[in-house]
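Visitor: Could you take me on a close look at one part of this model, starting from the whole chain and working inwards? I would like to see how that part sits among its neighbours.

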Amino acid sequence: MTDGTRPDHAKPDSTPDPTGTRSLEGRVALVAGATRGAGRAIARQLGRAGAVVYCTGRSTAQKPSDYGRPETIEETAELITGAGGTAHAVVVDHLDVEAVRALVARIDSEQGRLDILVNDIGGEAYVQFETRLWEYDLDAGRRLFDTALLTHLNTSHSALGLLTRNPGGLVVEVTDGTRAYNASHYRETVFLDLAKTGVDRLAFAEGHELAAHGGTAVSVSPGWLRSEMMLDHFGVTEQDWRQAAEANRGRTDTVPPYEFVISETPEMLARGIAALAADPNRAAWNTRSTSSFELATHYALTDVDGSRPDSWSFITAMEDTPVERIDVDDYR
């Protein structure tokens, strides 16, 4: 945080499992990209629900992240174990295929199974907004594409053999934007557009191959994520962000913008994914694209403050109506 304190997301969590007491007991999960944000929240929620969670990332106390952030993969595992769960922090660069294979071999050796794979690695550190393809730094663009999509492909290629050993496996590809939204909206740069739509298509393709083995693959998008990075970017905290955003209604040159009132914590997405993993009828979601809002609605869940923001509908409404004329309460 801007004042040097840890955000609420990083405090020990005693929230009960909203999907039912220890609903994922006996399951083994791999969350790729669990250092911060959505990945950390998903890992914590799966651990809270009873799953053994392998948390991977590259940010450690000895080696800081590309983002210059303080969070580490060890801290994520400690948050899970501190709340009574079981977690293993494993430092893995998911662009290194041999390292990913070694990770999967370790899970097989220690657990003999893999039930849930969550691919949540992104490449936002390499986004050059408002930059045309022919002016984009090609090395940065390729790095974005590799980290945001190739990491997912590498991990699935290495892990799906173990995941399909038992029927009922679940693969969650975390992306940005639902299939319907991305189909009609350009995502600001060619590299970002290809990466985010590619992750969704990967889930669609994986689902077709997993179906014959009793598995399910789905792509999931959060809404406007009120992550540690986003809070810091706007210079607010989890305690004062709403007041700051609402104070900027009708203003265009201040942060956080008023639209930030429709943001959500990573917990809403995490709760929905845990509920999906515990659902005996999860195969009905196979090959689909969904959102944190749709999962929360379907499984009767909310964000930590009791709200259920519908960010993508809100963003779409803003395209036709000035934000000052939109009743925000209709979307939260």
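Guide: Happy to. Helices (H or I, at least four residues) and strands (E, at least two) are DSSP runs, numbered from the N terminus. Please keep in mind that this is a predicted model.

With those names in hand, the chain has 11 helices and seven strands. Its radius of gyration is 19 Å, close to the 20 Å that the globule rule gives for 332 residues, so the chain is as compact as a globular protein of that length. The C-alpha trace spans about 55 × 50 × 45 Å along its principal axes. Of the 332 residues, 55% count as buried. If you consider contacts with a separation of 6 or more, 73% of them come from residues 24 or more positions apart. On the outside, the chain exposes about 14400 Å², and carbon and sulfur atoms supply 50% of that area. There are 32 positive and 50 negative side chains, with the centres of the two sets 3 Å apart.

The part I would like to show you closely is strand S6, residues 216–221. Six of its six residues are buried, so S6 is largely enclosed by the rest of the structure. In a regular strand the side chains alternate between the two faces of the sheet. In S6, Thr216, Val218 and Val220 point one way, while Ala217, Ser219 and Ser221 point the other way, and all of them are buried.

What lies alongside S6? One partner is strand S5 (residues 170–174), which pairs with S6 in the parallel sense over five bridges. You can find this pairing on screen through leucine 170, whose bridge partner in S6 is threonine 216. Another partner is strand S7 (residues 289–291), also parallel to S6 and joined to S6 over three bridges. Here serine 221 has serine 291 of S7 as its bridge partner.

S6 also takes part in covering a helix. In helix H11 (residues 311–318), Ser311, Trp312, Phe314 and Ala317 are buried. The cover over these buried residues of H11 includes S6 itself, together with S7 and helix H5 (179–183).

Following the chain onwards from S6, you come to helix H7 (residues 228–234), where phenylalanine 234 has its place. Phenylalanine 234 has 11% relative accessibility and counts as buried, because the cut-off for that label is under 20%. Leaving aside residues up to four places away in sequence, phenylalanine 234 touches Trp224, Val255, Pro256, Pro257 and Phe260. One of these contacts deserves a pause: phenylalanine 234 and proline 256 are 22 residues apart in sequence, yet their C-alpha atoms are 5.3 Å apart in space. Proline 256 sits in the loop between helix H8 (241–246) and helix H9 (266–278). The peptide bond that joins valine 255 to proline 256 is cis, with omega about -5 degrees.

It helps to set S6 beside another enclosed strand, S1 (residues 28–32). Five of the five residues of S1 are buried, so S1 too is largely enclosed by the rest of the structure. Val28, Leu30 and Ala32 are on one side of S1 and Ala29 and Val31 on the other, and both faces are covered. S1 runs parallel to strand S2 (residues 52–57), joined by five bridges, and valine 28 stands opposite valine 52 of S2.

For contrast, here are some exposed spots. Glutamate 130, in the loop between strand S4 (116–119) and helix H4 (138–163), has 78% relative accessibility and counts as exposed. Glutamate 130 is not a glycine, but its phi is positive, about 60 degrees. Alanine 300, in the loop between helix H10 (292–298) and H11, has a positive phi near 55 degrees and counts as exposed at 62% relative accessibility. In the segment after H11 you will find aspartate 329, which is exposed at 53% relative accessibility. Its C-alpha atom is separated by 18 Å from that of arginine 226, 103 residues away along the chain.

Methods
Residues numbered from 1 in each chain as written. Predicted model: local features only at pLDDT ≥ 70, side-chain atom pairs only at ≥ 80, totals over all residues. Heavy atoms only, no water. Rg over C-alpha atoms; globule rule 2.2 N^0.38 Å. Buried < 20%, exposed > 50% of the residue type's maximum accessible area, 1.4 Å probe, protein only. Contact = heavy atoms within 4.5 Å. Areas by Shrake-Rupley, 256 points an atom, 1.4 Å probe, with all protein chains shown as cover. Lys, Arg positive; Asp, Glu negative; His and termini not counted. Charge placed at Lys NZ, Arg CZ, Asp CG, Glu CD. Pairing = 2+ DSSP bridges.
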